[in-house]
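Biologist: Could you take one part of this model and go through it closely, in connected prose, with the numbers kept alongside the description? I would like to look at a sheet, its strands and whatever packs against them.

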Amino acid sequence: MKNLILVLVLIMAGCTSINQNKTDVSLHWKDAKEQVSEIESETGDLYNKVGHHGPAIENEWLGLRIYFNYKVAIDVYSKTKPQLELAETDWYSTPEQQLEGWGADQYKVSKTGGLGGVRLWDGEKAVFLESVTLRKASVKKEANSSSMEMLSKGISYNGEIIDVLLKVTVYSGQREAKVEAFVESLNPVQLVTGINYHQATQVTQGENYICTWGIHPEDVAVFQLNIGAAIMYNPNDFEQKVETDTEILLVSKPTKYLSTWITSSCEKEEELNTMADFVKYVALFNN
């Protein structure tokens, strides 16, 4: 009987370990450590007042944040080993932490939508989610996932005032994050998403994905590392692809909902540490 009880205890411990939620959220004012579930602003810009410039989430593979300003861009916190880090680094790891193998802010968004960020399409170009009457960020941690949302209200678009909600979700044990856009409007709108790139990054494209690999001109991290980034999408959701000097954009068909998947890797990881391996992995992803 004692042996049976011991076996059951070990099995339960193993199940607990397997089912452990390896995701987390982070949202707080810049000068405060206390975590909150939501923050809002009538000006729509709290970029310099919120910790890590907006809400953030992570799983063991990567961290993501949404900028709390007109860009509502998605940025990446790159990790070299699978673990949760934001509670310790608050996105900006110290040089000592990076030397010990912690992740860092390697990705450079600049004036783009970043990795999978969502904007509107005016027929000729991407338009940021400006002219808001309210912008609200929120985060939520659930049993096996964590999500963040950015609601932008009062956006002027094609003679109508609309609202756009961007939601990003990470899952425990899954490298890919889901990006969703919900539109509150009378008529369907055209949304635009995509991926940015730099002079020192290579781009590879497939029928349902776009990958980049290389160095980002980021000046926060101690080391400059090759970073992989990718967006995976359903081609049937989009009507055209537009390439600029800094981004590859996907323009949606008129809609009120859009979803894509994004992921990232780093050359210091044990797996997916080369462009070939990263692209092969992304190409096998099924939306």
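Modeller: What follows is a walk through the sheet and some of the side chains on and around it.

The model is a predicted one, and every value below should be read with that in mind. The part in view is an open sheet of nine strands with antiparallel pairing, in the order E2-E8-E9-E10-E11-E18-E15-E14-E13. Its edges are strand E2, residues 38-41, and strand E13, residues 201-206, each of which pairs on one side only. Averaged over the sheet and with direction ignored, neighbouring strands are turned by 15 degrees against each other.

Helix H4, residues 275-283, packs on this sheet, where it touches strands E11 (174-184), E13, E14 (209-214), E15 (227-232) and E18 (257-266). The direction of the helix makes about 165 degrees with that of E14.

Strand E14 deserves the closest attention, and its two neighbours can be taken in turn. On one side, E13 and E14 run antiparallel and are joined by six bridges, with Gln 205 having Ile 210 as its bridge partner in E14. The connection from E13 to E14 is a hairpin through two residues. On the other side, six bridges join E14 to E15, and these two strands also run antiparallel; here the bridge partner of Trp 213 in E15 is Gly 228. As a general point, strands of a sheet pair through backbone hydrogen bonds, either parallel or antiparallel.

How many of the residues of E14 are buried? Six of its six residues are, and the strand is accordingly described as mostly covered. Tyr 209, Cys 211 and Trp 213 point one way from E14, whereas Ile 210, Thr 212 and Gly 214 point the other way, and all of them are buried.

Trp 213 also takes part in a contact between rings. Both Trp 213 and Phe 278 are buried. Their ring centres lie 6.1 Å apart and their planes are at 40 degrees, so the pair counts as tilted. Because Trp 213 lies in strand E14 and Phe 278 in helix H4, the pair ties together parts that are 65 residues apart in sequence.

The count of aromatic pairs in the model comes to eight. Another of them is formed by Tyr 47 and Tyr 67, which are edge-to-face at 5.4 Å centre to centre, with 70 degrees between the planes. Tyr 47 lies in the loop between E2 and strand E3 (56-59), and Tyr 67 in the loop between strands E4 (62-66) and E5 (74-78), so this pair ties together parts that are 20 residues apart in sequence. Tyr 47 counts as partly exposed because its relative accessibility is 23%, whereas Tyr 67, with a relative accessible area of 6%, is buried. Tyr 171, Trp 261 and Phe 285 form one aromatic cluster. A charged side chain also meets a ring, since Lys 268 lies over the face of Phe 223, at 4.6 Å from the ring centre.

Further along the sheet, strands E8 (residues 134-141) and E9 (residues 145-157) run antiparallel and are joined by eight bridges. Within this pairing, Leu 134 has Lys 153 as its bridge partner in E9.

Strand E10, residues 160-171, contains Leu 166, which is buried, with a relative accessible area of 2%. Leaving aside residues up to four places away in sequence, Leu 166 touches Ile 66, Val 72, Ile 74, Val 118, Met 148, Glu 149, Met 150, Val 179 and Glu 180. From C-alpha to C-alpha, Leu 166 and Lys 280 are 28 Å apart in space, and they are 114 residues apart in sequence.

A last residue to consider is Gln 190, which lies in the loop between E11 and strand E12 (191-196). Is this residue buried or exposed? Gln 190 counts as buried, because its relative accessibility is 15% and the cut-off for buried is under 20%. A polar atom of its side chain lies 3.0 Å from the backbone oxygen of Ser 252. The residues that Gln 190 touches, again without those up to four places away in sequence, include Arg 119, Leu 120, Trp 121, Tyr 157, Glu 239 and Val 251, as well as Ser 252, Lys 253 and Pro 254.

Technical notes: Residues numbered from 1 in each chain as written. Predicted model: local features only at pLDDT ≥ 70, side-chain atom pairs only at ≥ 80, totals over all residues. Heavy atoms only, no water. Pairing = 2+ DSSP bridges. Helix = DSSP H or I, 4+ residues; strand = E, 2+ residues; numbered from the N terminus. Axes fitted to C-alpha atoms, helices over the stretch in contact; angles between N-to-C directions. Contact = heavy atoms within 4.5 Å. Buried < 20%, exposed > 50% of the residue type's maximum accessible area, 1.4 Å probe, protein only. Polar contact = N/O pair within 3.5 Å; in protein donor to acceptor, adjacent residues only side chain to side chain. Phe/Tyr/Trp six-rings, centres within 6.5 Å; stacked < 30°, edge-to-face > 60°. Lys NZ or Arg CZ within 6 Å of the ring centre and 35° of its normal.
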